[in-house]
Amino acid sequence: MKMKKIFGFAVIASAIVSMTALTSCEDMFTAENSLVTTNLNPKDTLYSVMGIVKQMQKLATRTIVLGELRADLVDINSSTTTPLQEVSANMVGEDNPYNSPADYYAVINSCNIYLANVDTAHITHNEVYYEKEILAVKAYRAWTYLELAKIYGEVPFVTEPVLAASQAEDIVANFYYNRKNLTEICDYFINDLVSYLSYNNRAARNLDLRPSYAQNYQNVTMANFFIPARVMLAELYLWRGSATGNRQDFIEAVRHYHDFLTFTGEEHPTGYGYDVVWTNRNFNQTSDNYASRSRFTMRNLTSMDADYVCYIPVDTTEYYGTVSDIREVFCSTYKNNYFAQANPSEYLKQLSKEQRYCKYSYISDQFQDALYGPVDEKKVTNATMIGDLRLFAVCNNISVLDKYHDYNTERQYILKYTAGASQLYNDERTNFVPLFRYTMLYLHMAEALNRAGFPETAFAVLKYGLTEDLMNDRSIIPAEEYEGLKAITQWGFSSGETSSFVEWDRDEFIAYDPTDVLETRTATQMGIHSLGSGDSPQNAYYTLPHDSALWAVYDKAVADSLAVRKEMLNFIALTPLTKESTPEDSAFYNQTIATYKAAIAELNAKAQSEYSLAITEQREAFPAFVAQKILDEEAIEGMFEGYRFYDLMRWAMYTHDSDFIAYQVGNRKGIDKQAPVTSLLSGMWYLPLRSR
């Protein structure tokens, strides 16, 4: 059966829902619907699961809108629709179309119906036949409840099917007595999922633990409709740790992120070369050198490729089913008269500009240099070419001449939603909305590492990219962190052997080596900061803090030791023993050398002691510094994708700063114009939940 564009899928899903009579609570808060279902038999489970996928489509656009427009990276304009203006102002009423909890409960209820009716005893070849589908549905339910908690704070919690209007009415009537907050939701779903990933469980051998159905449509892979269980567990632990401050939760998050990214045979490096870079080292030349994107190498940032872990598939035309209008939010389209509804904020532009782009050149040990990108807007044709290049890469602004229509002539295209095209030539909608990307999972892992007490390893994720060689470099990963990381064991490998976080397959995770001029090994792994800021490992502006005053005593101790060593070498050169030397000369010579060596040993011990004191005091400042760098990197890498408000929320939860989001979002117009968003003060982060 040939389908139009992707959906295709919509026609299948619509038929699935009607064939199975799997209806959902379309509005659990009005309780006006009679809900029915039929018992599932083996042939119905595929249709039922795809019916849940179809219901997820209603959540696609609002997942991005609620996560992005309420935060600090985008701003609205005079053409922004009223509902989006309300979202941006955090003044969302119960009648706002983006405030529809019923759609989330429709997904949840369908998951509950499936789990209540699926045949868990059906065994084929000594395996639970529906195990992958069961876990996929459980992951959907966990994700949906977590979203509800992030959006509404406390929500009604239901795990049994709602099959009649009277049951829905009971939920409404008992709203205040039957709800859970984010921590309680995380508690429940961690327990619900974790047993599937224990070593003793057969399913632990499979990384994805999700159905594939062996189908692809227009670059959209059906296996990617489903959320990997390890990713969902890692996210739950990260959120619970942020809410409770429990270090063990962050360690568990680290474990699951690591296991997902490094699973034997299914490793996921960051992908070296999937970046945007300057190709010309003459940064001091005129702007003509940088007049077009042909001066850059841009891959992977905006295309539909392997960087997407999972996504919600949506239809491309309304005739076929549920569509997403996310392009109309961020891009100029015919439907919005080419007035994009949301634009990059001044804060995002400032943050991007603050980064220092580094271009490292290595010719030999004697000839190498690190050059830094332009900082003067007069040297470039676009201000977003200063600093990190990712904003420049994904945001395309063009001017057109239109004498005959009331269309906007200044047009914006966010290439993340145009499949990499520099503009849109029709109103065909995007065919998927991403939920998770691998690069963002690396950043979430760095966040968990930092909160778990491994700030230098977390910073290595940003600056270098984790590899076996890096893990064995004590100048980057200090011994105390390395030993702690070794204790974070993993499971799930088919060999039955446990290993540790420090293991990153040398053949799969390969960092770029500028000294390898013959390119004997193809690089696959890079620091996330390098995606847009060049050669971060050699960037002198991108380092952990080094307080010169704090280290002055240590530096003096080292200098004293070197001075004594130099004196000893000078003595040896001036007073060599010869055949004519007397026993007295020899005794004096040996005694002097022994005295020098003792002095050097004493000074070296003092230098080491001073170093230990200095680095211990210095490292106390690392977690806060690294946390800020991670938050900045999450902003630049995840901009426009719906992560931002919740990244800020985790920070605010962990630091117990209820006003943090209000002040951070107040940066939209620029740091110099900061004013808190009063509707977000005192932890008022949540949308109103309809009571009827």
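These questions and answers walk through a predicted model of one protein chain.

Student: What is the mean pLDDT of the protein chain?
Tutor: pLDDT is the predictor's confidence in each residue, from 0 to 100. In this chain, 82% of the residues reach 70 or more. The mean pLDDT of the chain is 82.

Student: Which element has the highest mean pLDDT, and which the lowest?
Tutor: Compare the means of the elements. Helix α22, residues 644–655, has the highest, at 98. The lowest, 39, belongs to residues 9–20, which form helix α1.

Student: How many contacts does the stretch 284–305 have beyond near neighbours in sequence?
Tutor: Read this stretch with care. Its pLDDT is below 50. The model still gives residues 284–305 contacts beyond near neighbours, and their number is 67.

Student: Which helix gives the most to the largest nonpolar core?
Tutor: In soluble globular proteins, nonpolar side chains tend to be buried together. Here the largest nonpolar core has 174 residues. Tyr145 is among those with the most contacts inside it. With 14 residues, the top contributor is helix α6, residues 131–152.

Student: What does Tyr145 touch, leaving out residues up to four places away in sequence?
Tutor: Some partners have lower numbers, including Tyr105 and Ile108. Others have higher numbers: Val155, Pro156, Phe157, Val158, Ile185 and Phe189.

Student: How many residues of α15 are buried?
Tutor: Buried means under 20% relative accessible area. The buried set includes Phe459 and Leu462, but also the charged residues Glu456 and Lys463. Helix α15 spans residues 455–463, and its buried count is nine of nine.

Student: What covers the buried residues of α15?
Tutor: Other helices do part of the job. Among them are α14 (438–451), α16 and α17 (479–486). The cover also includes α18 (530–533), α20 (583–619) and α21 (622–638).

Student: Which residue after α15 has a positive phi?
Tutor: Look just past the helix. The phi there is near 90°. The residue is glycine 465.

Student: Which element gives the most to the lining of the largest pocket?
Tutor: The largest pocket has a volume of about 990 Å³. Its lining has 40 residues, with Tyr272, Ala511, Tyr512, Asp513 and Pro514 closest to the centre. β8 (276–278), β12 (358–362) and α16 (468–471) each supply at least two lining residues. The most, three, come from β12.

Student: How many residues of that lining are nonpolar, polar and charged?
Tutor: Sort the lining of the largest pocket by residue type. The polar residues number 12, and the charged residues number 12. The nonpolar residues number 16.

Conventions:
Residues numbered from 1 in each chain as written. Predicted model: local features only at pLDDT ≥ 70, side-chain atom pairs only at ≥ 80, totals over all residues. Heavy atoms only, no water. 1 Å grid on protein atoms, 1.4 Å probe; cavity = no way out; pocket = protein on both sides within 12 Å on 5 of 7 lines; lining within 4 Å. Points joined across faces, edges and corners; volume = space filled by probe spheres on them. Helix = DSSP H or I, 4+ residues; strand = E, 2+ residues; numbered from the N terminus. Core = buried A, V, L, I, M, F, W, Y, C linked by side-chain atoms within 4.5 Å. Buried < 20%, exposed > 50% of the residue type's maximum accessible area, 1.4 Å probe, protein only. Contact = heavy atoms within 4.5 Å.
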